[in-house]
Amino acid sequence: MRTKSIKLWAILLILFMCITTMTLFGFIASQSLKKNIELQYKQESQSVLNRTVTSFESSFNAVEKFLEQIEQTFIMQPKMTTEELGLLFNTYQNIMPSNSSLIYGHINGHLYTGNNLVVPNDFSPIKREWYKKAIVNKEGINWTEPYLDYFNQNIVITASQYVNGQNHDGVIGIDFKLNELSKIISNSMIGEDGFVLLLNQNGTVIANGDNYLIGETLFDEQYNLLIEESRKSYVSYSIDEQQYLLHSYQLRQNGMNIVTAISKDELDAKLIQNLFPILVAGVICILIFSIIGYGITLLWTRPLKKLGILMNHVENGNYQVRANVKSYQEVTRLAKGFNSMIRAIKKRDRELIFSNSELKRTEEQLRSKYDELKESQRVLKLSEEKVAHLASHDSLTGLLNRRRLNEELNKSIINYKDCPIAVIFIDLDNFKMINDTLGHSFGDQLIIKVAEMLKNISPPYKQVARISGDEFILIIHDVESEKQAGEIAKEIVELFDTGIAIDSKILNVTASIGVALYPKHALTAEDLLKTADMAMYRAKGSGKNGYRLFDESIQQEIEEKTVIESGIRNSLETNGLELHFQPLYSTNHNKITSIEALLRVKSPDLMKFGIQKIIQIAEVTGQIIEIDNWVLENACRAIIRINKQLLDPVKISVNISPVHIMQQDFVENVRGIVENTGIPPEWLQLEITETSLMKSFETNLKKLELLKQLGISIHLDDFGTGYSSLSYLNSLPIDRVKIDKSFVDMMLKSEKERRIIETIISLAHNIGLQVVAEGVEYKEQLEMLIKYNCELVQGYYISKPLNYEQIAVRLLEEDVTSIN
């Protein structure tokens, strides 16, 4: 029978429905039977428990009554003789159950029994547990734990009570044999495998039907919790790897527990026994329904079998057959579909013959396209390899780039923690001049030559990288000492001694080199590169064309930089900065017409450093932008407050860092401060240096023009010390130039210096600019500058920098004087 046969699936459906129904019915029946069987056994368990409890409590009550009667007898006859005591014990022993015996321990150590046992002279009841308990608890009846009886070598428990007679103080006890107690529950069965146990307070078995568990502890540390729960309901527990349902009752006389156990295996066996007839009936029904279903399926699938025969003819190429089946509606529709399919196949064959020729032509075209695609993939793979190489290598020299260098250096530090590494930072001296004079193409050839030279130096285990225009990094592995690192650096310096030939020209190029060692100078890739860079700058500052190993002095600079950087940050947050103001004296108006805002620090962390050093560090760390904004904002607010008291307002000059000017949002920052403070733009004068303009000249020029349109005045600071030339000076949107203090200092010393000052002033006037001379400290300097028509002067001769209160008083005094 095929797996896709309708007959098979029909029979399987019938079987599935029958099995599902029988399974559901069986589940419901099993749950109901299970509940009934459990209820039946639990009722039997409860009945056995009740009978056993009644039996034990009756026995224990009888014992307690015996003890009370004997106590009363002792009270009523306090002066009984030894013979009378013996007669009394024999009388009570005869009327007591056979499983118990009467004993009496006198306070003097003598023992009396109800069955005239011979007691050894060395036996003392005072040492027995039953005696000790009664002496401690004289008011009640005490029950002992099971113990071995000295006389008959049986396991017993004893109920004892203290009695008080004039001559007979002592303890009366009644012994119970545990094997006799077990007889009470020997016939108590729960089903076939259930049983009953008597447990003491600690969980030890005192009595059970077969005596084989006596003395065992079945429940360990779970005993108290298990007994507590089993009093309320039935609790499942495993004894000797068999599961039981436990139920318990605590005897009120002595705290012992009677436990009944129902075997769960017996419950399951009983359930299976009751379910078996139902299972047999279900299987018979499934077989009957399957036979009936198979017969009906054969009848229903006969028309389909006929259609199958016709399809075999079609499969063999006979398209002349037709289906003429008249049966069920579904089969009739299928026969009509079969006939339609035959007609469609004939039509398809004609179309296929035509399409076959078209497919052949298409196949040839696709094959051609496939060859083209394969070639494209080859080219693409080469391009991907090239892109991957460019992502990690310098495109000009083929050396590692900065990103790949960091990866390799980090990898070396992680994988070879104990191996020393030298990082050598190389910067070509005056490379910019070569680019500017000989062209960038010539500079590129020089870079390629230098890369080849560095790849060929002596250390075999090295990595060479180019990280910027004229900066190279060498990573040397397994460096034995600072001396060896210095020798390698010296070898690199000597590479440039003979000059470099490019296009028949000999270039005398030199290099400044910094060296840092791992792990002596730094422990991370980033810190190694920083320390090597600092050492290189120290070499460059020492006259170039040499090398410098990182040392303590450079480390001191780093620490000093860190202190200054932290101090700037704290000062910005805690108001640790302040402004002083130095007047600019107008020689035309004979009064102060503007003031320059100068940054000062009042933070103890920064006061030990010069203000110029603080600004230099801030420019390196980028904090100069925050400082500029703070100075600009506070200067604007100060001049607004000052001018409210003056008839003729004065202007204020603020120095702007080159780093700040290079920021894209520089103009927006200035415009925002002007708008927020409300200062009239014409009161504000920004002082910039020549060097800040020469970096990205066109971009900075546009920024200055935008500020000029706002109404802000632009002044050129330190004029004459930078790139001063008429070719760009005349095109700048500036209003004033400031002659550097170095020129003013020299003007009294020689005629040549005086002529330079006169020429600068004349040049500025000729192109429409005003002139400020700073650093004026003597009257002769002022008189000479007035003679040369210098409009504004500034210096200690006029006034030293003043704080806000002092400058406000000075300006107010001048304002009052001018009115008078």
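**Exercise 1.** Find the strand that holds Ser512 in this predicted model, then work out whether Ser512 is buried or exposed.

*Solution.* Start with the strand: Ser512 sits in E17, which covers residues 511-518. Next, check accessibility. The relative accessible area of Ser512 is 0%, and anything under 20% counts as buried, so Ser512 is buried. Now look for a polar partner: the side chain of Ser512 makes a polar contact of 2.7 Å with the side chain of Asp429. Finally, list who else touches Ser512. Leaving out residues up to four places away in sequence, its contacts include Phe425, Ile426, Met536, Lys540 and Gly546.

**Exercise 2.** Do the same for Glu596: which strand is it in, is it buried or exposed, and which side chain joins it in a polar contact?

*Solution.* Glu596 belongs to strand E20, residues 591-601. Its relative accessibility is 6%, so Glu596 counts as buried. The polar partner is Gln794, with the two side chains 2.5 Å apart at that contact. Beyond four places in sequence, Glu596 also touches His580, Phe581, Ser653 and Lys738, among others.

**Exercise 3.** Work out how many residues the largest nonpolar core has, and which helix gives the most to it.

*Solution.* Count first: this core has 80 residues. Phe581, Ile595 and Val654 are among those with the most contacts inside it. Helix H15, residues 624-643, gives the most, with 12 residues. Then zoom in on Val654: outside its neighbours within four places in sequence, its contacts include Val631, Leu632, Ala635, Leu684 and Leu686. Last step: a separate core of 42 residues lies apart from this one, and Leu49, Phe66, Tyr112 and Ile172 are among its members.

Definitions and conventions: Residues numbered from 1 in each chain as written. Predicted model: local features only at pLDDT ≥ 70, side-chain atom pairs only at ≥ 80, totals over all residues. Heavy atoms only, no water. Helix = DSSP H or I, 4+ residues; strand = E, 2+ residues; numbered from the N terminus. Buried < 20%, exposed > 50% of the residue type's maximum accessible area, 1.4 Å probe, protein only. Polar contact = N/O pair within 3.5 Å; in protein donor to acceptor, adjacent residues only side chain to side chain. Contact = heavy atoms within 4.5 Å. Core = buried A, V, L, I, M, F, W, Y, C linked by side-chain atoms within 4.5 Å.
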